[in-house]
Amino acid sequence: MSTKAHLLALSTTIFLLFIVFRLSPFCVYKIDYDGGYVLCVSVFKKFPPISSRDTVAPLDSYESFKDRKYNLPPAIDEKEDAVNLSDKNFSDVLAKNQHVMVAFYAPWCFWSKKLAPEYEAAATELKGKAVLAKVNAINEIELAKRWGIQGYPTIYFFVNGVHVDTYYHDRKKDAIVNYIKTKMAGDLYTVMTTENAEHLLTAQSTIALGFLNSLKGLEGVVLAAASKLHPDVLFFQTTRADVAKMFLIDPEIKRPALVLLEKESKQLSHFDGSFTISVIDDFISSNKIPPMITYSRETTPLILNSPLKLLWLFAAVHDSEAKSIFQETARAFKGKVIAVASIRKRKKYVLNGELTLSNVKSFALDFLGDKLRNQQSKTALSQIQLQQKLLARLPVPDMMTKEAI
């Protein structure tokens, strides 16, 4: 074909394209993606969707695009009431908050976008009571993979860092709020795989596991009722022998059986009473406290409300040997006494002399005047001088010099 023929064909093509573009209005489409959307221009009035009808939407015209292109809405609401999680802060948020719901979402997903305003409203209502968080599973690929996320949105519920349930209920605000409030009041969860059992064994929570004949029956009702009395303990049930075996429950044991795993000592306590609410309550109350507990403002209610007798240790902060001996003793009497360590961080002074009104008043005045510190120093110095005098009077052995003493 000659050059003239090429030019003629090219000009004809350009002319035809001009006619098509002149007579056919542009159609502008948006395709959702992470953080916003891209815009596609087409001369066809109908544009086939990329994946589903919900991911592509037409705009009215090119003029519409020009008016909006500098103010594109985000793909998902980014208010702060629902906490944004990543691989960097995921574990930290779960560790610092007792009740956490986490929604793994994809920004382009229709159902994720539909959940967003309801989830945000629920987060606002429960702010200060429970944490509602979200993970962009498209950005956090490794985090989503680690938690087995295969569809969007996937909603998990965590208690004390332990994944205890997956939310499959209505995705409206009221349903989400009611679900979380119910879980916060205490609940009975189910574990049926050894993988989940491994997570429980390493969790930083006190856990009670019931090995039952059936998940539906009186045994489960009793255990669920007991769980309401101890919101600081996570209650689980299972019928799987392999799960029970991981908690050192004999698979051949007569069911129902119950064990409690205390979070600090990681010590298992086996229940051997009648399977009633009151007896289970006593068992949990006696064994959920760690072998040795340090006395503080936070632990005072736990100590005073326990039915067990108290064994006290008064020691200085640096006295690690005394604490170690006391802790070993506490382990031997776990479930029988509460070993309470009162660790002294400040200096304490002792009244020397009789307990009379005048002596106590003088002692208080000296304390306010910061004179007891000087008296303590003088007392310590006099004790050292006395020890030196006693050593000097001791007979020196033939094979030793005075300097050796």
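Which residues make a nonpolar surface patch of about 410 Å²? Here are some notes to get you started; keep in mind that this is a predicted model.

1. The patch. The answer is Tyr295, Leu310, Trp312 and Phe314, which together make the nonpolar surface patch of about 410 Å². If you want a place to start looking, try Trp312, which sits in strand E15, residues 309–316. Trp312 has a relative accessible area of 34%, so Trp312 falls into the partly exposed class, between the 20% and 50% limits.

2. Aromatic pairs. Moving on to ring contacts, the count comes to 14 aromatic pairs. One of them is Phe104 with Tyr156, an edge-to-face pair with 5.8 Å from centre to centre and 70° between the planes. This pair links distant parts of the chain: Phe104 belongs to strand E5 (residues 99–105) and Tyr156 to strand E7 (residues 154–159), with the two positions 52 residues apart in numbering.

3. Buried or exposed? For Phe104 and Tyr156, the answer is buried in both cases. Tyr156 has a relative accessible area of 9%, and because buried means under 20%, Tyr156 qualifies.

4. A second partner for Tyr156. Tyr156 also pairs with Trp147, their ring centres being 6.3 Å apart. The planes of Trp147 and Tyr156 stand at 65°, so this pair is edge-to-face. Trp147 is partly exposed, with a relative accessible area of 23%, whereas Tyr156 is buried.

5. The cluster. Now put these rings in context: Phe104, Trp147 and Tyr156 belong to one aromatic cluster, along with Phe90 and Phe158. It's worth displaying these side chains together.

6. The sheet. What is the order of the strands in the open sheet of five? Going across, the order is E4-E6-E5-E7-E8, and the pairing is mixed. Strand E4 (83–85) and strand E8 (162–166) are the edge strands, each pairing on one side only. On average, neighbouring strands of this sheet are turned by 30° against each other, with direction ignored.

7. Back to the rings from the sheet. E5 and E7 are neighbours in the strand order, and these are the strands that hold Phe104 and Tyr156. On to the edge: E7 and E8 run antiparallel and are joined by four bridges. Phe158, a member of the aromatic cluster, has His163 in E8 as its bridge partner.

How values were computed:
Residues numbered from 1 in each chain as written. Predicted model: local features only at pLDDT ≥ 70, side-chain atom pairs only at ≥ 80, totals over all residues. Heavy atoms only, no water. Patch = residues over 30% accessible without salt bridge, like charges linked within 9 Å, V, L, I, M, F, W, Y side chains within 5 Å. Areas by Shrake-Rupley, 256 points an atom, 1.4 Å probe, with all protein chains shown as cover. Salt bridge = Lys/Arg side-chain N within 4 Å of Asp/Glu carboxyl O. Buried < 20%, exposed > 50% of the residue type's maximum accessible area, 1.4 Å probe, protein only. Phe/Tyr/Trp six-rings, centres within 6.5 Å; stacked < 30°, edge-to-face > 60°. Pairing = 2+ DSSP bridges. Axes fitted to C-alpha atoms, helices over the stretch in contact; angles between N-to-C directions.
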